[in-house]
Structures are given as C-alpha cells and as structure tokens.
Amino acid sequence: MNTLARKLRATDYFTLGWGSMVGVGWLVVMDDWLLRGGSLGTVLGFLIGGVLLLPVGWVYGKLIIAMPDAAGEIAYTSAAFPRIISFSTGWMMTLAYFIVCPWEAVAIGRIAAYIFPALDSAELYRIAGRPVYLPHLLVGLALTGILTILNYRGVRLSATFQNWTSFWTLALFLIFVALGVSRGSTAHFPPLFTHTPFLSILLVLQIVPYFMTGFESVGKAAEEASPEFRARAFFHAILMAIIIGTIFYATIVAAVAFAAPWHQLTGERFMTAVSFQRAIGSRWIVNVILAAALLSLFKCFNGNFLAASRLFFALGRRGMIVARAGNIHARYQTPSTAVLCVGFTTAICMLLGDAILVPITEVGSVASAIGWSAACASLLVLSRRRDRGLILSAAEKLMVIFALAVALAMALMKLFPLVPGHFTLYEWIVLAIWIAIGAVAGFRNLSRHPAMEPTIAARPR
C-alpha cells in the first residue's frame, strides 16, 4: 500500500511539538488568564501544570517508540481496549487538535485588525454579541488555504515552514521580553491572586491542557521519520517541547505583569502588547510583539493542522470512519483527503467569529486530557501483557499511574458542576455537537468487523 513520506528529523519533531503547543493565547487571551489567577497565580498555574505533564510526556515517549503510528492514541488504545474505546479516544483527540485551527484562523483576523484598523469594517452579522467582519474572514480563509496547500503538497514543506516560524518566534520573544522587563517594576505585580491562592491556581490549571496540547503531536508524525532517525529522539522532542513551552508561558505572564500595572489593562485589546508599549514608551515594541504573534500563530496553526489531518487519516485507514479519509496521495505521499477535510471544516467553523475563542479553550482542555488519560491507561494494560516489548519497572508503573491521575483530574475538574470554573452551557453544546458528529461518522464502520492493523513500513529505529 502507499505509505507516508519519511522525511522528518529530530529538529522537525521538536518544532512540531512545541510549535503546536504555543500559539497566540499569550497575546489574545492574556487578560482571561490573569483574571483567572492573578500574576503569581497564573505563573504558578502554568509552572505546576507543565511539571505535572512531564510524566504524561514520558508515557507518550514509551508508546511512540513501541508504536510509531500516525494513529497515535487510536493505535495505543486499539492494542489495549475494544474498538469503540479506540474510536472514542481518537475522535476526542482529533477535536483537541482540530479545534485549534479555527481558533487560530479567527485570531489572525483580530491581530491583523490591530495592525490595520480599517479591517474592522464591513460587518456581516453578530454571534453572541460579537461582530463578524468580512475582512477578518478573508484573512483567516487566506491563511487556511495556504496551510492546506502546504500540507497537501508534502510534509517536508510543512516541516520547513514549522522550523522557520518556531525559531523566529523564540528569537523575537527573547528580544521583546528582555526589553520590557528592563523597564518594568515589581510594584506592578499585585494583585498576586484574583481569588484565594488555591482557587486562582486551580482556575489556571483548568486551561493548561488546552494551551499545552501539542507535545503529543510528535506521535502523529512518527511514520514520517527519516530512515536515519533514532527512535530515542522522540523522547527528547516531547520533553523539550513541554519544558520550553512551560517556561515560555510562565515567562510571558510574569513579563506582562512586571512591565505595567496589569490589573488596569484587562479591558485593553491585546493587553500583552499594551503592557510592553507602556513599559518602553514607544509603539515599535508593539510591532515586534505582533510579528512574534503572527509567526507563533502560523506555526501553531500548521502544527495542529498536521496532527488533526493525521488522526483523521488514521481513523479512515483503520475503517473507523469513511475509508476515503485514509487515502494517500500517490505523488506527494500525504494524507490528501484528510488534509482537504480539515482545511474545509476549519473554513466553515471560522464563520462563528470571535465568539468561539473562550468556549474552544475550555472544550479543547477536556478533549486533550481525555486523550492523555487513555494513552496512560493503555500503557498500563500493555505493560501487564508485556505486549510490544512494553515492560515497566515498579517505579515506572508508579509514574504511569501518577500521569493517569493527573490527566483524569484535568478532565474531571471541568466536567463536575461542583468544581469552580466547570463547563458552561456553551461548552457542553460544543462537546455534544462533536460527540454527535462522531456517532454519525463512526456508526456504520464500528458495527463491522475490526479493521486490520495497518502495516508501517520500515519502523524508525
């Protein structure tokens, strides 16, 4: 059968993992973060969340080495649990990646309008009181089209784009943070917490899964590793993505709170940019920040686009949804049908405009945590069977159990009504719609006999 092109290197996997994780939340919804936790509460929320995810990252490293399959969580759960669980897990993780795509497509319209205010014109309609402008849609649709073409024509093109945007984002980030901090003051930090310390940190922890989702996207491209690639590098790429992502988020929050009195800026559009502009006293720093934000948006959009299309492709290849989704382009060796589906659906979801930003954050957090939980549970089951060479020591089993507990807690604290910050009606509606679509998409296929495990040619060493 046709196979995916094997062209990715270790650097590509790091930029895929970290690039998929860090988008433009630090610019677009910084006010929401700080109002949740306060300056110190938000920093601690991201630091604690990042540390708690390290064992989850370790679990993924073990599973990817044992099963370098584009199916990711679908493959891991298929080996350990019934087919319906595998499909449900894969469908939720597809949501976790896909839901980022319209988020970024909408965000680019907001950023572009900040640079060119004339784009806030030609209002088409309103959703939840928020206007949807024609220029915003056109900008988002253009970016969606470009990334669809990149991913359709080859993974090497997509990876090169990911590398350039990731490293330039880091470079610009270091520049504007250093300049802003040099003019700030610790007097700007209060209030350190917006609620009690515990509640402030908890409210931030609830959104960490969404903003830290991406490290596990490494596994979705595992089949596309170059012949010279060493499998141990999967571990390194995942752990470095989590560590650098955690440092990035904690640093940008602290820098914003240090640069200017953040509590006075929460009503400002893009308070991150406004905070640094006040610290420096000049507009040019805003241009640097917006350049970093655009690059970060491109790489996050591209990384999640790649991961979502691979999962959609894997569902089709395994016969869990319509088989055409598992097609591979004969020339480009890409999951062409899946790529086109993700691009088209992203364009449709963009029509909801800014109103989707916060609900998407909440639902994406739960979807990610559910996928992480299933991966951890799969490793425990497979280690007991000694399947695929997955043998764990007593200490390693404890680490997996801890990772499972962390992932479950991150999911449940958004679903239980008694926990502050739980789902609102809008989030439940988004989740219910996705589950209903999955039920329709998988109903006929899941009733058939289980599909054969796909052959993976020349597994990476």
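**Exercise 1.** What does the accessible surface of the protein come to, and what share of it belongs to carbon and sulfur atoms?

*Solution.* The model is a predicted one, and its accessible surface comes to about 17400 Å². Of that area, 69% belongs to carbon and sulfur atoms. Turning from the surface to the interior, 59% of the 461 residues count as buried.

**Exercise 2.** Determine whether the radius of gyration of the protein agrees with that of a compact globule.

*Solution.* For 461 residues, a compact globule would have a radius of gyration near 23 Å. The protein has 21 Å, which agrees with that expectation. As a further description of the extent, the C-alpha trace spans about 60 × 50 × 45 Å along the principal axes.

**Exercise 3.** Classify Ile429 as buried, partly exposed or exposed, and place it in its surroundings.

*Solution.* Ile429 is located in helix H17, which covers residues 425–446. Buried requires under 20% relative accessible area and exposed over 50%; because Ile429 has 40% relative accessibility, it counts as partly exposed. Ile429 also belongs to a nonpolar surface patch with Leu425, Tyr426, Ile433 and Ile437, and together these residues have about 520 Å² of accessible area.

**Exercise 4.** Describe the setting of Leu124, including which residues it contacts beyond its neighbours within four places in sequence.

*Solution.* Leu124 lies in strand S1, residues 123–127, and the protein has 2 strands alongside 17 helices. With a relative accessibility of 44%, Leu124 counts as partly exposed. Once neighbours within four places in sequence are left aside, Leu124 is in contact with Val132, Leu134 and Leu137. Val430, by comparison, is 306 residues from Leu124 in sequence, and their C-alpha atoms are 23 Å apart in space.

Notes:
Residues are numbered from 1 along each chain as its sequence is written. This is a predicted model: local features need pLDDT of at least 70, side-chain atom pairs count only at pLDDT 80 or more; totals for chains, interfaces and linings use all residues. Side-chain values use heavy atoms; hydrogens and water are left out. Patches are made of residues with over 30% relative accessible area and no salt bridge: like charges are joined within 9 Å, nonpolar side chains (Val, Leu, Ile, Met, Phe, Trp, Tyr) within 5 Å. Accessible areas come from the Shrake-Rupley method with a 1.4 Å probe; for residues, only the protein chains shown count as cover. A salt bridge is a side-chain nitrogen of Lys or Arg within 4 Å of a carboxyl oxygen of Asp or Glu. Helices (H or I, at least four residues) and strands (E, at least two) are DSSP runs, numbered from the N terminus. Buried means under 20% relative accessible area, exposed over 50%, partly exposed in between (1.4 Å probe, protein chains only). Contact means heavy atoms within 4.5 Å. The radius of gyration is taken over C-alpha atoms; the globule rule is 2.2 Å times the number of residues to the power 0.38.
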